[in-house]
Amino acid sequence: MIRVLDPGPQTTVQDAGRRGQLRYGIPPSGPVDARSFTLANRLVGNADGEAALEFTLIGPRLRVEAPCTAAVTGAAAPVTVNDAPAPAWTTLTVVAGDVLRIGPARAGVRGYVAFAGGVDVPLVLGSRATYLRGRLGGLGGRALRRDDVLRLGPASPAPRRAVRPDEIPDWQESPALRVVLGPQADRFTDEGIAAFLGGVYEVLPQSDRMGARLQGPRIAHARGHDIISDGVALGAVQVPGDGQPIVLLVDRQSTGGYTKIATVCSFDIPRVGQAKPGQRIRFSAIDVREAQRLSRAAAADIANVELQEIAS
């Protein structure tokens with residue numbers, strides 16, 4: 001059992017996501033940075049999609065009420081156990097009364113705290129993921145609050161392990177996000193597409209789990225910015241009338257009536273979600289075949305990550 005002493009600005013329960021509900025207007029939710037989330041679960045011996053915590057910018061302060069193992073991944077933030085420094089991206093052994101604290105992110109935006117056994121909250125439409133706008137899942141469909149109590153599922157003993165340093169992302173880099181143009185690229189001028197692919201965009205503070213709002217060179221429409229609403233994929237880059245792109249993320253709407261100039265490839269979504277307000281990003285176009293090849297390579301990469309054993 002885990003007691004929340006300080007939740008941080010926004011900490012939610014997330015699992016692998018709520019599949020098959022977009023037709024009803026309910027997004028998948030789940031982690032914005034699926035790779036960091038998955039590795040946190042592996043460090044504590046969980047299945048990849050087990051429920052864990054996602055925090056934003058500043059992590060929570062948690063008191064452990066029974067012995068367990070934990071791991072913190074994602075954004076680069078200081079971790080302490082009872083005020084003593086502890087490593088991130090590493091299995092942590094904690095006992096009753098220990099206080100686990102994650103401080104402000106030095107780089108990146110979202111971090112993950114996994115516990116052996118997973119966070120045990122009720123399933124809603126087949127998932128424990130929190131969808132804040134819809135007030136679904138997690139703990140009453142909301143972010144954690146002070147004095148909340150989180151129960152954990154049954155767990156087997158897990159060896160102490162760590163993610164190798166070369167497998168830990170550097171969130172301070174200005175990412176080049178790979179995109180496939182379309183489905184409405186024909187609704188933009190050649191100059192607009194050139195601005196999108198050649199410009200540098202800054203992440204705005206209004207960004208959230210629904211979408212990353214960007215500011216940079218104006219993307220000109222050829223025939224207006226409105227279309228008949230159609231489906232919205234993860235990573236879709238909407239461009240409303242002001243010509244500024246929005247990259248849609250895990251809590252996105254299911255349909256939308258703004259033109260979409262491109263779609264960010266799924267393997268680059270963590271880079272979008274970890275870009276801080278003020279950080280700069282740019283876009284690079286690839287074709288569908290290359291996107292599929294890189295997607296297979298990214299899936300193989302996460303499947304084959306080898307965790308280092310740590311001597312007891």
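**Exercise 1. The largest nonpolar core**

Task: In this predicted model, identify which residues of the largest nonpolar core touch the most other members, and state which elements give two or more residues to this core.

Solution. Step 1: The largest nonpolar core holds 26 residues, and those touching the most other members are Leu53, Leu100, Ile102, Val113, Phe115 and Leu150. Step 2: Two or more residues each come from strand 1 (2–6), strand 3, strand 4 (61–64), strand 5, strand 6, strand 8, strand 9 and strand 10. Step 3: Strand 5 gives the largest share, three residues. Step 4: Consider Phe115 in detail. Beyond its neighbours within four places in sequence, Phe115 has contacts that include Ile2, Val44, Leu53, Leu62, Leu100 and Leu152. Step 5: A second core, separate from this one, has 23 residues, among them Ala185, Ala212, Leu214 and Phe283. Step 6: As a general tendency, nonpolar side chains in soluble globular proteins are buried together.

**Exercise 2. Two open sheets**

Task: Determine the strand order of the open sheet of six strands and of the open sheet of five strands, and explain why one side of strand 7 and of strand 11 is left without a neighbour in the sheet.

Solution. Step 1: The six strands follow the order 7-6-9-4-1-11 and pair in the antiparallel sense. Step 2: Strand 7 (84–86) and strand 11 (149–150) stand at the edges with a single partner strand each, so one side of each has no neighbour in the sheet. Step 3: Within this sheet, strand 6 (residues 79–81) and strand 9 (residues 99–102) are joined antiparallel by three bridges, and Val81 stands opposite Leu100. Step 4: The five strands have the order 2-3-10-5-8, again with antiparallel pairing. Step 5: Here strand 2 (11–14) and strand 8 (92–94) are the edge strands, each pairing on one side only. Step 6: On average, neighbouring strands of this sheet are turned by 30° against each other, direction ignored. Step 7: Strand 5 (residues 68–76) and strand 10 (residues 107–115) run antiparallel and share six bridges; Ala71 stands opposite Ala114. Step 8: Helix 1 (residues 34–43) packs on the sheet and touches strand 2, strand 3 (52–56), strand 5 and strand 10. The direction of helix 1 makes about 160° with that of strand 5.

**Exercise 3. The faces of helix 2**

Task: Decide which residues of helix 2 are buried and which are exposed on the other side, and name strands that cover the buried residues.

Solution. Step 1: Helix 2 (residues 190–198) has Gly192, Ile193, Ala195 and Phe196 buried. Step 2: Viewed down the axis of helix 2, the buried residues fall within an arc of 160°, so they line one face of the helix. Step 3: Asp190, Glu191 and Gly198 are exposed on the other side. Step 4: The cover over the buried residues includes strand 13 (176–181), strand 14, strand 17 (236–238), strand 20 (260–264) and strand 21 (280–285).

**Exercise 4. Aromatic pairs**

Task: State how many aromatic pairs the structure holds, and classify the pair of Phe37 and Tyr112 and that of Phe196 and Phe283.

Solution. Step 1: There are three aromatic pairs in the structure. Step 2: The ring centres of Phe37 and Tyr112 are 6.0 Å apart and the planes stand at 80°, so this pair is edge-to-face. Step 3: Phe37 belongs to helix 1 and Tyr112 to strand 10, so the pair ties together parts 75 residues apart in sequence. Both Phe37 and Tyr112 are buried. Step 4: Phe196 and Phe283 form a stacked pair, with 4.4 Å from centre to centre and 25° between the planes. Step 5: Because Phe196 lies in helix 2 and Phe283 in strand 21, this pair ties together parts 87 residues apart in sequence. Step 6: Phe196, Tyr201 and Phe283 form one aromatic cluster.

Definitions and conventions:
Residues numbered from 1 in each chain as written. Predicted model: local features only at pLDDT ≥ 70, side-chain atom pairs only at ≥ 80, totals over all residues. Heavy atoms only, no water. Pairing = 2+ DSSP bridges. Helix = DSSP H or I, 4+ residues; strand = E, 2+ residues; numbered from the N terminus. Axes fitted to C-alpha atoms, helices over the stretch in contact; angles between N-to-C directions. Contact = heavy atoms within 4.5 Å. Buried < 20%, exposed > 50% of the residue type's maximum accessible area, 1.4 Å probe, protein only. Arc of directions from axis to C-beta. Core = buried A, V, L, I, M, F, W, Y, C linked by side-chain atoms within 4.5 Å. Phe/Tyr/Trp six-rings, centres within 6.5 Å; stacked < 30°, edge-to-face > 60°.
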